[in-house]
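The following exercises concern how helices pack against one another in a predicted model. Please work through each task with the sequence and structure at hand before reading its solution.

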Amino acid sequence: MAHPGLAPARIRSAPWWRQSLAHGIPGIALLHIELAAAGQRPWQRVHDWLSAASAAPVTSGHDSHPFYGVPALAHPLACAADQLPGAYRRTLDEFDRSIAAEARHRVAEAHRRIDRGEPPRLAEFDALQGLTGYGAYLLRRDPGGPAVREVLAYLVRLTEPLTHDGDELPGWWALSGPSGRPHGRFPGGHANHSAAHGIAGVLFLLSLAALRRPPVPGQLDAVRRVCAWLDRWTDPSGRKGASLYWVTRAELRSGCLARRETVRPSWCYGTAGQARARQLAALALHDHDRQLAAERDLLAALTDPEQLAAATGTALCHGFAGLAHVATRTAADALPTTAGALRAALPALLAAVLPPGGDPEKTLDALLLADDGGPGLLDGAAGLALATLAPATGASPRSAWDACLLLS
């Protein structure tokens with residue numbers, strides 16, 4: 001991972017390698033940016049990786065999205081430019097115009113869909129492919145600009161109820177399964193709660209934006225609507241702090257949730273992402289009780305052996321490294337009564353990533369070679385390394401690398 005030319009040939013030849021923030025060069029560049037900003041590695045490594053990503057034309061427009069193509073490469077470029085003022089200015093200006101234009105085009109399409117009374121696709125609004133992800137980037141680059149206002153106004157409208165097949169549904173209801181495709185387990189669709197693909201990601205952006213710029217009309221009411229939905233649909237098992245992945249049409253109609261297996265408390269799906277989103281919502285609403293509840297839910301999940309046993313691996317997206325990073329970000333904004341307890345949970349989370357006495361290189365090599373791993377951000381070695389830096393050192397991230405996850 002020191003140089004793009006050293007990556008395995010099977011990875012370098014993959015069609016997504018240069019343009020995928022989730023699995024390819026843009027996500028790996030974030031690690032080198034964070035290390036260079038901390039003075040631990042040379043900036044030349046950053047330039048090498050970013051140059052490799054831009055060695056051929058980069059996909060833009062409708063075929064791109066926040067984790068692929070121009071928006072995916074723009075994120076590490078912007079993180080580097082924050083540390084090196086003036087760097088990559090021409091490319092970033094071009095990318096920013098392209099991203100804003102595509103976001104506004106997608107907003108217009110989404111409003112037409114709402115006018116027709118149709119439920120959305122997850123990819124219309126989610127954080128990885130949709131307008132929440134576009135909004136996260138635009139909020140950093142041009143928080144007062146028209147594209148941000150239009151994305152936020154659309155998300156406000158997304159939270160309003162719609163009627164479909166005689167049922168009143170939340171406006172973010174998808175007729176597909178969680179994969180975005182029809183699925184027999186989800187006749188009539190579902191309401192997705194995740195940070196990556198569902199309403200928690202929307203709550204993240206609406207709340208972060210309210211903390212950074214004047215709200216658009218209805219924005220705080222939208223935050224309250226989403227919070228009320230998440231309050232209504234809680235895990236029926238009684239496990240303290242556990243959050244739901246989704247609600248099905250049958251459950252919505254009956255008002256009762258089916259029995260669930262223990263869910264993992266991850267960033268993408270589960271308590272970690274939802275609790276951080278709810279904490280930020282509480283900060284935006286100046287709601288002390290809601291903030292305390294969100295922080296206590298995360299703490300409960302991080303100290304519940306049954307929920308921790310459901311965590312999948314060590315990576316950022318749904319593993320222990322991600323849990324440690326979310327806990328660190330949450331603790332930094334937490335009330336005094338919970339901040340210390342959240343930090344006290346970090347050593348156990350880090351030990352699950354790298355047991356005491358373990359070899360970090362072997363841990364990363366195993367992840368690099370795993371079928372479900374690789375060198376990338378969400379499931380791979382770069383993400384694991386990034387997500388453990390702040391929890392292990394006690395220092396806040398130097399760059400805004402996790403803004404693409406809506407965590408900052």
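**Exercise 1.** Identify which residues of H3 meet which residues of H4, and then describe how the two helices cross.

*Solution.* Begin with the contact itself, where Trp43, Val46, Leu50 and Ala53 in H3 meet Leu73, Pro76, Leu77, Ala80 and Gln83 in H4. Sorting the residues of this contact by class gives eight nonpolar, one polar and no charged. Turn next to the axes: those of helix H3, residues 43–53, and helix H4, residues 70–83, come within 11 Å and cross at roughly 155 degrees. Because angles over 145 degrees count as roughly antiparallel, H3 is roughly antiparallel to H4. Finally, the handedness completes the description, in that H3 passes H4 in a left-handed crossing.

**Exercise 2.** Determine how the axes of H5 and H7 are arranged, and establish which residues make the contact and how they divide by class.

*Solution.* The axes of helix H5, residues 89–115, and helix H7, residues 131–141, come within 10 Å and cross at roughly 140 degrees. This angle makes H5 oblique to H7, since the roughly antiparallel class is reserved for angles over 145 degrees. The crossing of H5 and H7 is left-handed. On the side of H5, the contact is made by Leu92, Asp96, Ile99, Ala100, Glu102, Ala103, Arg106, Val107 and Ala110, while H7 contributes Leu131, Tyr134, Tyr137, Leu138 and Arg141. As a last step, assigning these residues to classes yields 10 nonpolar, no polar and four charged residues for the contact of H5 with H7.

Notes:
Residues are numbered from 1 along each chain as its sequence is written. This is a predicted model: local features need pLDDT of at least 70, side-chain atom pairs count only at pLDDT 80 or more; totals for chains, interfaces and linings use all residues. Side-chain values use heavy atoms; hydrogens and water are left out. Axes are lines fitted to C-alpha atoms, for helices over the stretch in contact, and angles run from 0 to 180 degrees between N-to-C directions. Helices (H or I, at least four residues) and strands (E, at least two) are DSSP runs, numbered from the N terminus. Angles under 35 degrees count as roughly parallel, over 145 as roughly antiparallel, 65 to 115 as roughly perpendicular and the rest as oblique. A crossing is left-handed if the near helix is turned anticlockwise from the far one by less than a right angle, and right-handed if clockwise. Contact means heavy atoms within 4.5 Å. Ala, Val, Leu, Ile, Met, Phe, Trp, Tyr, Cys and Pro count as nonpolar, Asp, Glu, Lys and Arg as charged, and the others, Gly among them, as polar.
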